Amino acid sequence: MRIQFVKNIQFTKLLKVEGRLREFNFRKLGGVNEGIFTVDVVDDRGNRILFRMQKEDGNWKIMPQSLPRWIMDTEAQFHDQIEEELRNL
């Protein structure tokens with residue numbers, strides 16, 4: 001019997017978006033979805049927004065879905081934060 005362990009990677013970052021600090025929670029999915037991060041954040045009304053990011057051509061990209069513009073405009077910062085965290089493992 002072979003036991004395989006998958007390291008759980010999750011972290012939280014405060015990013016300034018549209019002049020306001022927002023808390024983004026990142027979690028790396030293991031197994032079949034190994035190259036995917038889920039990200040969640042709260043909007044101005046207190047609603048939680050969940051989205052996924054996938055690594056394509058060396059960059060972390062938001063997977064196609066309907067999201068507020070302020071999230072889409074922050075994609076490059078998300079990429080930088082994920083890469084920094086993965087380098088520090």
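Select Met1. At 99% relative accessibility, Met1 counts as exposed (exposed means over 50% relative accessible area, buried under 20%, partly exposed in between, with a 1.4 Å probe and protein chains only). Met1 is found in the segment before β1. Strands here are DSSP runs of E with at least two residues, helices are runs of H or I with at least four, and both are numbered from the N terminus.

This is a predicted model, so local features need pLDDT of at least 70, side-chain atom pairs count only at pLDDT 80 or more, and totals for chains, interfaces and linings use all residues. Residues are numbered from 1 along each chain as its sequence is written, and side-chain values use heavy atoms, with hydrogens and water left out.

**Stop 1: the surface patch**

Add Ile3 and Phe5 to Met1. Together the three form a nonpolar patch on the surface, with about 520 Å² of accessible area. A patch takes residues with over 30% relative accessible area and no salt bridge; nonpolar side chains (Val, Leu, Ile, Met, Phe, Trp, Tyr) are joined within 5 Å, like charges within 9 Å. Accessible areas come from the Shrake-Rupley method with a 1.4 Å probe, and for residues only the protein chains shown count as cover.

**Stop 2: strand β1**

Select residues 9–17, which are β1. Show the side chains. In a regular strand the side chains alternate between the two faces of the sheet. Which residues of β1 point to one face and are buried? They are Ile9, Phe11, Lys13, Leu15 and Val17. Gln10, Thr12, Leu14 and Lys16 point to the other face and are not buried.

**Stop 3: the first hairpin**

Add β2, residues 20–28. β1 and β2 pair in the antiparallel sense over 9 bridges (two strands pair if DSSP finds at least two bridges between them). Find Ile9 again: its bridge partner in β2 is Lys28. The two strands form a hairpin with 2 residues between them.

Now click Glu18, in the loop between β1 and β2. Glu18 has a positive phi of about 55°, although it is not a glycine. At 63% relative accessibility, Glu18 counts as exposed.

**Stop 4: the whole sheet**

Show every strand. You see an open sheet of 5 strands in the order β1-β2-β3-β4-β5, with antiparallel pairing. Strands of a sheet pair through backbone hydrogen bonds, either parallel or antiparallel. Where are the edges? The edge strands are β1 and β5 (59–62), and each pairs on one side only. Neighbouring strands of this sheet are turned by 30° against each other on average, direction ignored. Such angles run from 0 to 180 degrees between the N-to-C directions of axes, which are lines fitted to C-alpha atoms, for helices over the stretch in contact.

Move to β3 (36–42) and β4 (48–56). They run antiparallel, joined by 7 bridges. Val42 stands opposite Arg48 in β4.

Go on to Asp57, in the loop between β4 and β5. Asp57 has a positive phi of about 50° although it is not a glycine. At 81% relative accessibility, Asp57 counts as exposed.

**Stop 5: the helix across the sheet**

Select α2, residues 75–87. This helix lies across β1, β2, β3, β4 and β5. Contact means heavy atoms within 4.5 Å. α2 runs at about 140° to β1.

**Stop 6: the salt bridges**

How many salt bridges are there? The count comes to 5. A salt bridge is a side-chain nitrogen of Lys or Arg within 4 Å of a carboxyl oxygen of Asp or Glu.

Select Arg20 and Asp44. Their side chains meet in a salt bridge (2.1 Å, N to O). Arg20 lies in strand β2 and Asp44 in the loop between β3 and β4, so the pair ties together parts that are 24 residues apart in sequence. At 40% relative accessibility, Arg20 counts as partly exposed. Asp44, at 58%, counts as exposed.

Keep Asp44 and add Arg22. These side chains also meet in a salt bridge (3.0 Å, N to O). Arg22 is in strand β2, 22 residues apart from Asp44. Is Arg22 buried or exposed? Arg22 is buried, with a relative accessible area of 5%.

Last, select Lys55 and Glu83. Their side chains meet in a salt bridge (3.0 Å, N to O). Lys55 is in strand β4 and Glu83 in helix α2, 28 residues apart. Lys55 counts as partly exposed at 40% relative accessibility. Glu83, at 18%, counts as buried.

Finish with Arg20, Arg22 and Asp44 selected together. Salt bridges that share partners join these three into one network.
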